[in-house]
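Here are my notes on the model you sent round. Please read them with the sequence and the coordinates open.

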Amino acid sequence: MTARRCMYAAFIAVPLLFAVAGPVLARGAPEDPSAPFGPSPWSPFGTDRLGRDVLAAALTGGQTFLVVGLLTVLGAYLTGFLIGVSAAAAPRRWLDDLLMRPVDVLLCLPALLLIMVAALRTQGSAVAIACAIGLALVAPIARFVRMAAAGVVHGPVMDALRMQGESRRYRYGRYAVRAMARPIAADMGVRFTAAVYFLASANFLGLGFDTTSTDWAVSVAANKDALMIAPWSVLLPGALIVLLAVGTNLLVDDLLPDPYTRAAGGARKRRPAALLMVAHSRRLRRVGRDG
């Protein structure tokens with residue numbers, strides 16, 4: 001693993017460590033609140049507006065945030081992938097339109113409006129907000145998958161597999177998925193960032209989890225007025241969100257290099273040997289001509 005990939009992995013590892021091992025590490029934190037925005041006896045980061053230790057709140061506030069974000073992206077991508085591939089492989093144009101026109105209508109709706117309606121109708125239910133975020137992500141995912149699948153399901157390799165009598169499960173379940181793995185994996189990183197953004201925005205606006213929750217986005221919103229006197233109460237949870245979003249995108253993009261770029265790099269590495277062979281053949285022709 002290169003140094004660049006190690007750095008990207010470290011970006012993701014820090015918030016993951018907080019989310020996974022945080023509740024265990026925070027067991028030693030004092031349960032009784034101290035003075036708001038003052039020093040803390042447990043860590044040097046001080047206390048938040050409720051007198052809780054900032055580090056302890058950050059250790060316990062990432063689990064729900066991360067789980068909701070991951071489940072939302074996975075559910076949205078499963079739905080969008082099925083719609084996009086079905087539309088790309090549709091044998092008739094009207095079937096493609098039947099699948100994609102509702103997606104186009106959904107694409108016009110503002111995502112935050114869907115989240116606000118779901119939150120207000122369900123008194124801030126985390127499940128309803130996650131479903132609204134997933135619904136907002138389905139439309140762009142379906143459009144992207146349809147575009148990525150169009151050249152695969154109608155390409156010459158798919159036609160050859162069909163003529164060889166390969167089953168539909170093999171053609172689409174193995175070949176098509178493998179051919180689209182790189183753009184889909186890169187797009188999943190982008191969608192995860194979008195899900196984190198929408199979830200953080202909902203919590204920041206007070207539409208998501210309880211305002212006394214230790215969730216990272218809630219902590220940023222609740223303590224933003226004390227940014228100058230207690231900066232760590234905002235900077236620590238905000239930095240965890242940024243590291244998670246940025247690290248995911250950078251690592252996915254670096255782990256999946258462009259095959260054309262890789263082929264070009266291999267050709268450049270092989271170029272000196274090819275030039276030596278050409279020079280040697282010219283030398284032999286010259287010797288034969290002189291002889």
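The points below go from the whole chain to single residues and then to the charged pairs.

1. Status and overall make-up. This is a predicted model, and the values below are computed from it. The chain has 291 residues, and its secondary structure consists of 12 helices and zero strands. Read from the N terminus, every element in the order is therefore an α, by the helix and strand assignment used here.

2. Burial and surface. Buried residues account for 40% of the chain. The exposed area comes to about 16,700 Å², and 67% of that is supplied by carbon and sulfur atoms. Among contacts with a separation of 6 or more, 68% are between residues 24 or more positions apart.

3. The largest nonpolar core. This core has 66 residues, and the members that touch the most others are Phe 65, Ile 133 and Met 180. The element that gives the most to the core is helix α6 (residues 126-153), with 17 residues. As a general point, nonpolar side chains in soluble globular proteins tend to be buried together.

4. Phe 65 in more detail. What does Phe 65 touch, once residues up to four places away in sequence are set aside? Its partners are Val 196, Leu 199, Ala 200, Asn 203, Asp 215, Trp 216, Ala 217 and Ile 241. Asn 203 and Asp 215 are on that list beside Val 196 and Leu 199.

5. Val 153. This residue lies in helix α6. Is Val 153 buried or exposed? Its relative accessibility is 3%, under the 20% limit, so Val 153 counts as buried. Outside its neighbours within four places in sequence, Val 153 is in contact with Ala 88, Ala 89, Met 158, Arg 162 and Tyr 172. The pair Val 153 and Ala 89 is worth checking on screen: they are 64 residues apart in sequence, while their C-alpha atoms are 6.1 Å apart in space.

6. Asn 223. Helix α10 holds Asn 223. With a relative accessible area of 3%, below the 20% limit, Asn 223 is therefore classed as buried. Its side chain reaches the backbone oxygen of Ser 219 at 2.9 Å. Leaving out neighbours within four places in sequence, Asn 223 is in contact with Phe 37, Asp 48, Arg 49, Ser 233 and Val 234.

7. A nonpolar patch on the surface. Leu 227, Met 228, Ile 229, Trp 232 and Leu 235 make a nonpolar surface patch of about 580 Å². Ile 229, one of these residues, is in the loop between α10 (216-223) and α11 (232-255). Why is Ile 229 classed as exposed? Its relative accessible area is 64%, and the class begins over 50%, so Ile 229 falls within it.

8. Salt bridges in helix α4. Seven salt bridges are found in the whole structure. Arg 93 and Asp 97 form one of them, at 3.6 Å from N to O. Both residues lie in helix α4 (residues 93-107), four residues apart, about one turn of the helix. Arg 93 is exposed at 63% relative accessible area, whereas Asp 97 is partly exposed at 26%.

9. The next pair along. Asp 97 also meets Arg 101 in a salt bridge, at 2.8 Å from N to O. Asp 97 and Arg 101 are four residues apart in helix α4, so about one helical turn separates them. Arg 101 has 39% relative accessibility and counts as partly exposed. Which residues make up the network of salt bridges that includes Arg 101? Arg 93, Asp 97, Arg 101, Asp 104 and Arg 143 are linked in it.

10. A buried charged pair. Asp 187 and Arg 191 form a salt bridge, with their closest N and O atoms 3.1 Å apart. The two residues lie in helix α9 (residues 181-204), four residues apart, about one turn of the helix. Asp 187 and Arg 191 are both buried, whereas Arg 93 in helix α4 is exposed.

Key:
Residues numbered from 1 in each chain as written. Predicted model: local features only at pLDDT ≥ 70, side-chain atom pairs only at ≥ 80, totals over all residues. Heavy atoms only, no water. Patch = residues over 30% accessible without salt bridge, like charges linked within 9 Å, V, L, I, M, F, W, Y side chains within 5 Å. Areas by Shrake-Rupley, 256 points an atom, 1.4 Å probe, with all protein chains shown as cover. Salt bridge = Lys/Arg side-chain N within 4 Å of Asp/Glu carboxyl O. Buried < 20%, exposed > 50% of the residue type's maximum accessible area, 1.4 Å probe, protein only. Polar contact = N/O pair within 3.5 Å; in protein donor to acceptor, adjacent residues only side chain to side chain. Contact = heavy atoms within 4.5 Å. Core = buried A, V, L, I, M, F, W, Y, C linked by side-chain atoms within 4.5 Å.
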